[in-house]
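Colleague: I'm new to this one and would like a close look at a single part. Could you take me through the helix packing, and whatever you find on the way there?

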Amino acid sequence: MRGKFLTIEGTEGVGKSTNIAFINDFLRSRGIDLLVTREPGGTPLAEELREILLKKRDEAFDPTAELLVIFAARSQHLQNIILPALNRGCWVLSDRFTDATYAYQGYGRGLDIKHIELLENLVQHELRPDCTFLLDIDVALGMQRARARAELDRFETQELAFFEDVRKGYLARAHADPMRYTIVDAGQTLADVQQDLSMSLEKLLTD
Ligand code: Z5A
């Protein structure tokens, strides 16, 4: 039987990395064979493309060029890692996927959503995540957490208004498809965030 495809999304400092470790432990303790991966990246070639995307440089990165590099990395990741794992019955949890492209490149950079849909269909055919955890946080609080943690990459140096647009994009998509998305208030204590995640993971296991 094909494995389930899970994704986790959110703006800066929402705690994706922290909660991926929690989801991994939770599902493994229930006997689920889980592969954790990330985007952009997930294969050696796609990780090289990730470095290109995140590197700060003097030359402006044209938004359409950025979009194409993201989907190039995604195609590589899907064909070499995600699809083979799902086809052998393994569950896959990806730290970001195409919802990030709609939120960052669509709502954040202002690229035409129809172009993103076109590339999504070209690269993914009918594949969409079975379940997406959207960790939602006040943008300023998330930035505060992200800044306290490490040096900022090219995306993280964007203005607050950019991330407000990204957050709006994520929320709009989640509200439009409540069956697929679980919105978790990431401004709560970590214990409360993980309590909410446990409840939706329990539900996923019984579906
Ligand atoms: N990008 C794009 O534009 N288009 C696309 O299609 C895709 C990606 C796929 C890299 O992604 C960039 O790529 C990303 C969008 C763009 N832009 N940026 N930046 P990334 O996922 O690798 O980068 P990231 O968003 O910075 O993720 P991260 O480094 O994994 O951070 P995080 O997961 O949000 O946070 P964390 O490290 O787990 O937590 C942050 C801190 O908060 C840390 O110190 C925690 O201990 C703390 N924390 C976490 N939860 C809590 C709670 N509940 N209370 C208090 N403190 C907490």
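Modeller: Let's start at Arg-96, which sits in the loop between strand E3 (91-95) and helix H4 (98-108). Keep in mind that this is a predicted model. Arg-96 isn't a glycine, yet its phi is positive, at about 75 degrees. For background, most residues other than glycine have a negative phi.

Arg-96 also takes us to the ligand: 28 residues surround the ligand, and Arg-96 is among those that come nearest, along with Glu-12, Lys-16, Ser-17 and Arg-50. Have a look at Glu-12, where a polar side-chain atom lies 2.3 Å from a nitrogen atom of the ligand. Lys-16 has a side-chain N or O atom 2.6 Å from an oxygen atom of the ligand. For Thr-101, a polar side-chain atom is 2.6 Å from a ligand oxygen.

Another loop is worth a stop on the way to the helices. Between strand E2 (34-38) and helix H2 (44-54) you'll find Pro-40. The peptide bond joining Glu-39 to Pro-40 is cis, with omega at about -10 degrees. As a rule, most peptide bonds are trans.

Now follow that loop into H2, and on to the packing you asked about. The axes of H2 and H3 come within 8 Å and cross at roughly 160 degrees, so H2 is roughly antiparallel to H3. Their crossing is left-handed. On the H2 side you have Leu-45, Ala-46, Leu-49 and Leu-53, and these meet Glu-66, Val-69, Ile-70, Ala-72, Ala-73 and Gln-76 of H3. Sort the residues of that contact by type and you get eight nonpolar, one polar and one charged.

H3 has another partner, too. Helix H3 (residues 63-87) packs with helix H5 (residues 113-124) at an angle of about 25 degrees, and their axes are 10 Å apart. Angles under 35 degrees count as roughly parallel, and H3 and H5 are therefore roughly parallel to each other. Here H3 passes H5 in a right-handed crossing. H3 brings Leu-67, Leu-68, Phe-71, Arg-74, Ser-75, Leu-78 and Gln-79 to this contact, while H5 brings Ile-116, Leu-119, Glu-120, Val-123 and Gln-124. By type, the residues of the contact between H3 and H5 come out as seven nonpolar, three polar and two charged.

So, to put the helices together: H3 runs roughly antiparallel to H2 and roughly parallel to H5.

Note on methods
Residues numbered from 1 in each chain as written. Predicted model: local features only at pLDDT ≥ 70, side-chain atom pairs only at ≥ 80, totals over all residues. Heavy atoms only, no water. Axes fitted to C-alpha atoms, helices over the stretch in contact; angles between N-to-C directions. Helix = DSSP H or I, 4+ residues; strand = E, 2+ residues; numbered from the N terminus. Parallel < 35°, antiparallel > 145°, perpendicular 65-115°, else oblique. Left-handed = near helix turned anticlockwise from the far one by under 90°. Contact = heavy atoms within 4.5 Å. Nonpolar A, V, L, I, M, F, W, Y, C, P; charged D, E, K, R; others polar. Near = heavy atom within 4 Å. Polar contact = N/O pair within 3.5 Å; in protein donor to acceptor, adjacent residues only side chain to side chain.
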